[in-house]
Amino acid sequence: MLKLVLDNSLVSRARDAAAKITGDLKWLFESQSSVTIERTVLRLMGIDGATEDGKPLPNVVIDHLQEKSALFSGAAIRIGNAMLKHGLSAQEVAEKVAAGELDLSAVPAAEPQKLYELLGKLSDEMLAHIRSQRENRDSFFEKYGARRQPAIYVIVATGNIYEDATQARAAAYNGADVIAVIRSTAQSLLDYVPYGATTVGFGGTYATQENFRIMRKALDEVSEELGRYISLTNYASGLCMPEIAAMGAIERLDLMLNDAMYGILFRDINPKRTLLDQYFARMINAFAGIEIQTGEDNYLTTSDAVEKAYTVTASQLLNESFALLSGVKLNKMGLGHAYEIDPEMEDSFSYELAHALLTRTLFPDAPVKYMPPTKFASGNIFKTHLMDAMFNFVGQLTNQGVQLLGMMTEAIHTPHLVDRSLAIENAEYIFKAVKNLGDNLELKPDSFVNNRANSVLSEATVFLEKVAKDGMFSAMANGEFADIRRPETGGKGLDGVFQRDENYYNPFMEKMKEELGI
Amino acid sequence: MKNIVKPYGDTLNDGKVQLSFALPTSNDARGKEAARILILSMGFEDAEITCMRDLGEGFTHFIAYGATSASVDLSKIKVKIVETPVMDMTETDRFIEENIGRKLTVVGACIESDAHTVGIDAIMNMKGYSGRFGLERYHQFNAVNMGAQVPSEELLAKARELNADAILVSQVVTQKNIHVQNLTRLIELAEAEGLRDKMLFICGGPRLSHELAIELGYDAGFGTGSYATDVGSYIAITIANKK
């Protein structure tokens with residue numbers, strides 16, 4: 001592969017600064033919890049379903065506890081007490097709360113030994129299930145062979161999960177390795193996860209546990225037919241990050257978009273809320289062996305891809321550091337970047353090559369996620385198809401982990417069946433044509449590509465050191481990231497964050513931490 | 001005078017058209033004949049299927065050429081387009097200074113469920129798009145970009161608060177005509193609140209045209225290929241004319 005010569009002192013300075021920034025937030029992860037973290041605990045205890053008017057039971061129970069000021073020790077203890085007192089299952093407890101027949105704050109505390117025994121048993125059961133899903137995935141890869149690199153990643157976005165399943169099967173047949181089911185626009189701002197199979201949505205359909213199950217089943221079938229394991233991905237982002245991570249862990253999703261920085265900057269979600277949620281969500285992903293993916297491409301679609309290239313590098317280093325705090329392994333970090341430079345710019349390809357190589361060189365073990373041209377994709381589908389080919393060329397030449405294929409109709413509509421198939425044909429042709437080309441080439445030490453990569457790294461280092469000095473929250477409040485100001489107390493979802501009391505207990509977090517060695 | 005034209009392949013009036021579509025048919029002679037008949041029934045002559053690709057799940061992709069006998073009389077064409085001339089940033093700034101004599105306030109947003117800021121950013125952000133600076137860079141515009149997923153109510157409240165001269169709305173997601181619903185909702189709210197005639201209402205997006213904008217009750221619409229220069233000139237000239 002083409003090799004960059006990076007200034008190693010810059011690399012370690014940048015990593016140190018990132019570790020300082022994320023380490024300074026440990027107080028948040030260790031002393032606070034949120035409504036979605038507690039709803040995740042309920043889901044992992046087996047509580048599912050919704051009321052007749054569509055309110056999910058985990059929301060019913062957490063709202064009830066919040067209303068009674070009875071959430072400070074976490075939801076697990078309250079549910080456990082009620083289970084022991086009334087001889088009910090967790091699900092039955094939730095149903096009684098929904099029916100207005102049970103006030104959880106009025107249930108007396110059970111004998112601690114019995115309570116912890118019960119919660120221990122419940123959490124062991126669910127974690128055993130998640131572990132078995134991880135082992136299932138491993139055995140599929142063993143049986144059918146490892147995922148190709150770059151893996152071919154395409155989206156389905158019909159808005160109807162059944163139609164999505166048909167298109168996903170066709171995409172797999174055409175050569176896709178990873179299928180992403182796009183969510184309905186604005187799901188990230190819902191403070192609940194809809195229940196059941198859905199056939200509606202804009203620009204996609206909802207992430208629900210039933211939809212995960214439907215798609216996983218369709219892909220397991222097609223994996224068997226094709227003798228290739230087809231991975232499934234969705235979005236554990238927005239206000240329900242850890243809940244969606246848990247649903248994905250239960251239903252064996254293989255990758256999850258999971259990036260708090262994205263939610264803060266581009267969805268105006270409160271920084272404290274979503275960084276806290278991400279801490280637990282990433283832990284679940286790590287435990288389930290799910291590859292996380294991050295959304296650095298968005299820095300480039302909203303700002304200039306050359307001027308702001310360093311923000312991608314900085315965010316990647318922060319995401320790596322946050323992921324390590326949650327126990328995510330290096331080979332499960334799908335850090336993001338993108339091919340978004342103005343095609344009218346001279347030598348745009350050399351810049352793209354430098355940026356792509358920088359990411360691969362900084363994160364050699366990571367299955368980096370490389371995003372296609374979108375900002376300069378246009379109604380000229382022929383030109384866009386050509387830009388996608390150049391993007392695929394860089395992807396193979398620099399050996400990216402996951403190539404998120406561009407569609408020639410990117411600027412027009414969600415992909416048609418034909419668009420997706422042509423995109424896969426484009427990628428497969430290029431990947432094959434330049435398969436081993438990189439082994440024959442080397443960069444001059446004083447080449448433009450090598451110098452450019454070092455200068456981006458240097459800008460990223462200076463930026464991270466400044467953020468480390470100011471602190472993450474004040475840097476965000478000052479608009480240091482993507483020129484967008486996000487104050488610590490602004491944005492959506494802060495009212496869902498609370499200070500834990502000294503009896504707080506989350507059996508899943510405890511056990512996952514232990515197993516992940518964090 | 002009539003001016004009749006037909007599609008041009010490589011000979012005047014050969015009527016050649018490129019087609020690409022999928023059918024839920026098999027990738028074989030039967031599927032090919034189905035595609036050919038379909039093309040003929042669209043009114044094309046000599047349909048030629050040049051490529052068939054198996055898409056899986058019982059679908060086939062066809063690439064084809066047909067010759068159409070249809071034609072169009074250019075002398076009868078009428079379209080609604082934004083007719084104000086386009087000036088660059090400096091010219092627009094000078095025009096506002098000389099003809100209006102105060103800064104113009106423009107409030108922009110990508111409204112309702114739409115989370116894609118690429119359109120509004122291209123027009124409003126300092127940086128602009130493809131070498132044309134956005135309205136924030138203009139001296140004579142006070143440009144306020146509220147970003148994505150802004151409820152119509154909030155956009156109108158902000159426009160009222162700032163006594164805006166123009167509202168810019170971007171809609172990128174168009175699945176199931178959601179953009180038409182969102183744009184209609186905004187204009188209805190504006191009418192209900194008595195704001196409609198107090199400022200210019202302008203919409204933009206890849207699937208919007210001036211014609212559609214007028215139909216929805218807006219003052220102007222800007223589609224693909226529009227830049228800050230187009231929007232800025234339009235606002236400046238229209239407001240100057242209203243004085």
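# Salt bridges, burial and the chain contact

In this predicted model, a network of salt bridges links A:Arg39, A:Arg43, A:Asp48, A:Asp191, A:Glu243, A:Arg273 and A:Asp277.

Me: How many salt bridges does the structure hold over all chains?
Reply: The structure holds 43 over all chains.

Me: What makes A:Arg131 and A:Glu515 a salt bridge?
Reply: The N to O distance between their side chains is 2.9 Å. The cut-off for such a pair is 4 Å, so the pair counts as a salt bridge. A:Arg131 is in helix α7 (residues 112–144) and A:Glu515 in helix α21 (residues 507–516), both of chain A, and the two residues are 384 residues apart.

Me: Why is A:Arg131 called partly exposed?
Reply: Its relative accessibility is 26%. Partly exposed covers what is between 20% and 50%, so A:Arg131 belongs there. A:Glu515, at 40% relative accessibility, counts as partly exposed too.

Me: How do you know that A:Arg148 and A:Glu428 meet in a salt bridge?
Reply: Their side chains come to 3.1 Å, N to O. With the limit at 4 Å, the pair therefore qualifies. A:Arg148 lies in the loop between α7 and β2 (151–156) of chain A, and A:Glu428 lies in helix α17 (residues 417–433) of chain A, so the salt bridge ties together parts 280 residues apart in sequence.

Me: Are A:Arg148 and A:Glu428 buried or partly exposed, and what is the reason?
Reply: A:Arg148 has a relative accessible area of 31%, and A:Glu428 has one of 27%. Buried would need a value under 20%, and exposed one over 50%. A:Arg148 is therefore partly exposed, and so is A:Glu428.

Me: What makes B:Asp165 and B:Arg102 a salt bridge?
Reply: The N to O distance is 2.8 Å, and the limit is 4 Å. B:Asp165 lies in the loop between α4 (152–161) and β8 (166–170) of chain B, and B:Arg102 in the loop between α2 (89–99) and β6 (104–110) of chain B, so the pair ties together parts 63 residues apart in sequence.

Me: Why is B:Asp165 called buried?
Reply: Its relative accessible area is 11%. Buried means under 20%, so B:Asp165 is buried. Its partner B:Arg102, at 40% relative accessibility, counts as partly exposed.

Me: Why does A:Gln187 count as buried?
Reply: A:Gln187 has 3% relative accessibility, and the limit for buried is under 20%. A:Gln187 is in the loop between β3 (178–181) and α9 (209–226) of chain A. Leaving aside neighbours within four places in sequence, its contacts include A:Val193, A:Pro194 and A:Ile244.

Me: What does the side chain of A:Gln187 reach at 2.7 Å?
Reply: The side chain of A:Gln187 reaches the backbone nitrogen of A:Ala207 at that distance.

Me: What makes A:Arg169 and B:Glu57 a salt bridge?
Reply: Their closest N and O atoms are 3.1 Å apart, and the cut-off is 4 Å. Across the interface of chain B and chain A, two salt bridges are found, along with six residue pairs in polar contact. On the side of chain B that touches chain A, the elements giving two or more residues are β2 (16–23), β3 (44–56) and β4 (59–68) of chain B. The residues of that side divide into nine nonpolar, eleven polar and eight charged.

Me: What area do chain B and chain A bury between them?
Reply: The two chains bury about 2400 Å², 54% of it on carbon and sulfur atoms. The contact takes 28 residues from chain B and 33 residues from chain A.

How values were computed
Residues are numbered from 1 along each chain as its sequence is written. Chains are lettered from A and ligands numbered from 1 in the order in which they are written. This is a predicted model: local features need pLDDT of at least 70, side-chain atom pairs count only at pLDDT 80 or more; totals for chains, interfaces and linings use all residues. Side-chain values use heavy atoms; hydrogens and water are left out. Helices (H or I, at least four residues) and strands (E, at least two) are DSSP runs, numbered from the N terminus. Buried means under 20% relative accessible area, exposed over 50%, partly exposed in between (1.4 Å probe, protein chains only). A polar contact is a pair of N or O atoms within 3.5 Å; within protein, one must be able to donate a hydrogen and the other to accept it, and residues adjacent in sequence count only if both atoms are side-chain atoms. Contact means heavy atoms within 4.5 Å. Buried area is the accessible area (1.4 Å probe) that two parts lose on being put together, summed over both. Ala, Val, Leu, Ile, Met, Phe, Trp, Tyr, Cys and Pro count as nonpolar, Asp, Glu, Lys and Arg as charged, and the others, Gly among them, as polar.
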